Amino acid sequence: MNAEANPLSVEVRKDGVAVLTYDIPGESMNTLRADFIDLFVRAFEQVDKHPDVRAAVLVSGKKEGFIAGADVKMLESIASPDDARAMVQRGHDVMAKLAGSRKPVVAAIHGAALGGGFEVALACHGRVLSNAKSTVLGLPEVQLGLLPGLSGLQRLAALTSLQVALDFGLTGKNMRPEKAKKLGVADEVVPREILLEVACKHALKLVGGASKSRRKPDLQTLALEKNPIGRSVLFKKARETVAKKTGGHYPAPGKIIDVLEAFGAKGLEASQELEARAFGELVKSEVSANLRSIFFATTALKKDSGVDSEATSRDIQKLAMLGAGLMGAGIAYVSIDKGIAVRLKDRDGASLGRGVKYVSDILDERVKKKQLTPRDKAQKLALLSTTSDYSGMKTTDLIIEAVFEDLDLKKRVVAEVEANGKPGAIFASNTSSIPIGRIAEGSKHPENVVGMHYFSPVHKMPLLEVIRTKETADEVVATAVAVGKRQGKTVIVVNDGVGFYTSRLLGPYMNEASYILAEGAPIEFIDKAMTAWGWPVGPMTLVDEVGIDVAAHVGPIMLAAFGERLTPPATIDRLISDGRKGRKNEKGFYLYGAAAKKKGKGKHVDETVYAALGLSVPKKSPVSTAEIQERCNLQFINEALFCFSEGILRSARDGDIGAIFGLGFPPFLGGPFRYVDTLGPSAVLERIRHYRDRFGARFEPAPVLVELAKSGKRFHG
Ligand code: NAI
């Protein structure tokens, strides 16, 4: 049999090791598809029956990657929880065959062994890993609202401890080879060149049930996990942590704990029953469907050039970064990290020094976490050079600016770059609010001007919003998108306008919170209502973070651009007169610095703010939690729909991703457009009209909502 004909081919070596090569034809990556069960059963039968075979090694036929997990698309076709449960049970049977094989099977892993891929490896009798950077193990199912369905949790717990299985199962984080070795998950870690040989030798060593070098649990683990009281402490704590982290919005983590708890108390079989049932429920749950939709959207965006034409991107190996502040340094970091050289410019040595230190500190942190060696750090830093003039810019095809948010300055900078840089170079602005078209007015080549809107902190926030004007060339847009992807970002492309897409949504959302405040609701009550709904921070905290001065500056611009709907509340001027800018000057809705410290742990409202607003310190909220949530969210969602109606967005998909990855819209709801689909456009329209009757123009529904309510159509299929 050869690999082309059969995704799981079997070849018997002279030393009696059968090499099972998994290689799905026509795919760059191996996944577990619906037919994997039959394939594995057939291959194991061959191994079992073949008289010359003494042991087996399971290996991937791909250049990179072992098995990346279950085929997520396949999950969409599962009709009911019962079908899913039956599928999982069949999976359990085949894994039991593998684990119970008389002839030892060793997984030889190079590249990613994730989800089902890791679970298959865990059911093997041993695991040998390549020491490549790309080699990672992990159970990321939780991130899709699922749990591992091939008993990987239990097998990981049996190999290591319940605590380790909880940790990896609940976070979905990666396990690198070194850690796997330390935990006893990997028997050996070797260079890729000798991976197969070592795995075969290891398999032969295990023939006849030779003992494995399993790590012995330490005393503390034994004390905690081998008695019911210790276990109940462990699981209680895990449940508390999960409740705090998920706010009860995500069902999968609780089920993961249930399965491990059942395993700890009653063993594998009892826990498998629970696992199969839980998988069935989760796979058909709305939360998992929404999380999977995000996965599909990001996968599609990876393949999207960002333009509808055939235009291709320029090859960018070096870029220039103007401004070494918070954003400039962050963008410099994500660039050099991915091998793009950066020429960093600021006004003086002190500013440059701060920028370089910012980059160096992030690298240090990664060295400390053992993600990088000191040599890696040095190599990356060598890609960063600094300047306080335009020297060295004649050779860069892309210049990104992150100087102060000041239109005149930005226009001046464009002209300077055109005079001193490479002719035809792309000029990208990281402005958070100025329309790119306004900046392009300072340019002789507006076709080369584009927005690249990153989010703070750049190395942590996953989104890049690329903004094109009517004049921006397709090839320029495609280049900005390609660079963003290389920097590790999920990239959406939007059309130019005030606030583009992401910044614009915050306007009416924060306005509404301020209106509610003016009606007498306590600041922390408003914030708590919104975080309970699923936002990472509340709107009042957000105003403090963004800056009250920034909000005050943008308010009238939005009003001018979008009309009465965006009327800012009068309260904002009072805050400005009171000298409040938010966190940046430690004077806003909350206390900061020494005043906060004096009050003890946690966040404390600065109660003097009420007097500044002409309000008395509120005792009770006149507006209910549910109403606060509905009003603020409807404003946010309605504005997203306006962006759709006006053609700011290329698709509802981009609108969902922008809101989730850029602004923290709750992922379990799948994004504002998917949420409208879930509630039904008519129902949403009815609620917006309800508030329009109460509050007037600021609840004017977006045209697309009215259309969908009429046609009965949805944004997504
Ligand atoms: P920052 O104040 O930390 O940094 C600005 C830097 O630009 C300073 O180091 C300053 O010395 C330098 N600079 C000023 N004029 C210059 C010139 N002519 N040539 C070279 N450097 C010059 O500001 P931050 O926060 O980094 O913001 C920069 C830009 O990014 C602004 O347009 C802002 O709106 C935008 N932005 C900011 C976000 C944030 O969360 N801070 C998020 C997204 C965008």
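Is Ile492 buried or exposed? Ile492 counts as buried, at 0% relative accessibility. Buried here means under 20% relative accessible area, exposed means over 50%, and partly exposed lies in between, with a 1.4 Å probe and protein chains only. Ile492 sits in strand 17, residues 490-495. Helices (H or I, at least four residues) and strands (E, at least two) are DSSP runs, numbered from the N terminus. The C-alpha atoms of Ile492 and Glu310 are separated by 17 Å, with these positions 182 residues apart along the chain.

This is a predicted model: local features need pLDDT of at least 70, side-chain atom pairs count only at pLDDT 80 or more, and totals for chains, interfaces and linings use all residues. Residues are numbered from 1 along each chain as its sequence is written, and side-chain values use heavy atoms, with hydrogens and water left out.

Turn now to the ligand. It is surrounded by 21 residues. The closest are Met327, Asp346, Glu405, Lys410 and Ser432. A residue belongs to this shell if one of its heavy atoms lies within 4 Å of the ligand. By class, the shell has eight nonpolar, eight polar and five charged residues. Ala, Val, Leu, Ile, Met, Phe, Trp, Tyr, Cys and Pro count as nonpolar; Asp, Glu, Lys and Arg as charged; the others, Gly among them, as polar.

Three polar contacts can be followed by eye. Such a contact is a pair of N or O atoms within 3.5 Å; within protein, one must be able to donate a hydrogen and the other to accept it, and residues adjacent in sequence count only if both atoms are side-chain atoms. A polar side-chain atom of Glu405 is 2.5 Å from a ligand oxygen. A polar backbone atom of Leu326 is 3.1 Å from an oxygen of the ligand. A ligand nitrogen lies 3.3 Å from an N or O atom in the side chain of Lys345. Taken alone, the ligand exposes 820 Å², and the protein buries 79% of that. These accessible areas come from the Shrake-Rupley method with a 1.4 Å probe; for residues, only the protein chains shown count as cover. Helix 14 (326-336), helix 17 (407-420) and strand 15 (449-454) each give two or more residues to the shell. Helix 17 gives the most, with three residues.

Look again at helix 14. Of its 11 residues, 10 are buried, so helix 14 is largely enclosed by the rest of the structure. Among the buried ones are Met327, Gly328 and Tyr333. Helix 4 (residues 116-123) is likewise largely enclosed by the rest of the structure, because eight of its eight residues are buried. They include Phe118, Glu119 and Leu122.

Next come the cores. A nonpolar core is a set of buried Ala, Val, Leu, Ile, Met, Phe, Trp, Tyr and Cys residues joined through side-chain atoms within 4.5 Å. The largest has 91 residues, and Tyr501, Phe589 and Phe665 have the most contacts inside it. Helix 27 (residues 625-645) supplies the largest share, nine residues. Domain 2 (318-497) and domain 3 (503-711) both give residues to this core, so it lies between them. The domain bounds come from an automatic or database domain assignment. A second, separate core has 76 residues, including Leu75, Val94, Ala107 and Leu282.

Several loops hold buried residues. Thr396 lies between strand 12 (384-387) and strand 13 (398-401). Thr396 is buried, at 0% relative accessible area. A polar atom of its side chain is 3.4 Å from the backbone oxygen of Met393. Ser621 is in the loop between helix 26 (608-612) and helix 27. Ser621 is buried too, at 16%. A polar side-chain atom of Ser621 lies 2.6 Å from the backbone oxygen of Val623.

The backbone also has some special points. Most residues other than glycine have a negative phi, and most peptide bonds are trans. Lys370 has a positive phi of about 65° although it is not a glycine. Lys370 is exposed, with a relative accessible area of 65%. Phe500, also not a glycine, has a positive phi of about 50°. Phe500 is buried, at 0%. Phe500 lies in the loop between strand 17 and helix 20 (502-518). A cis peptide bond joins Ser456 and Pro457, with omega about -10°. Pro457 is in the loop between strand 15 and strand 16 (463-468).
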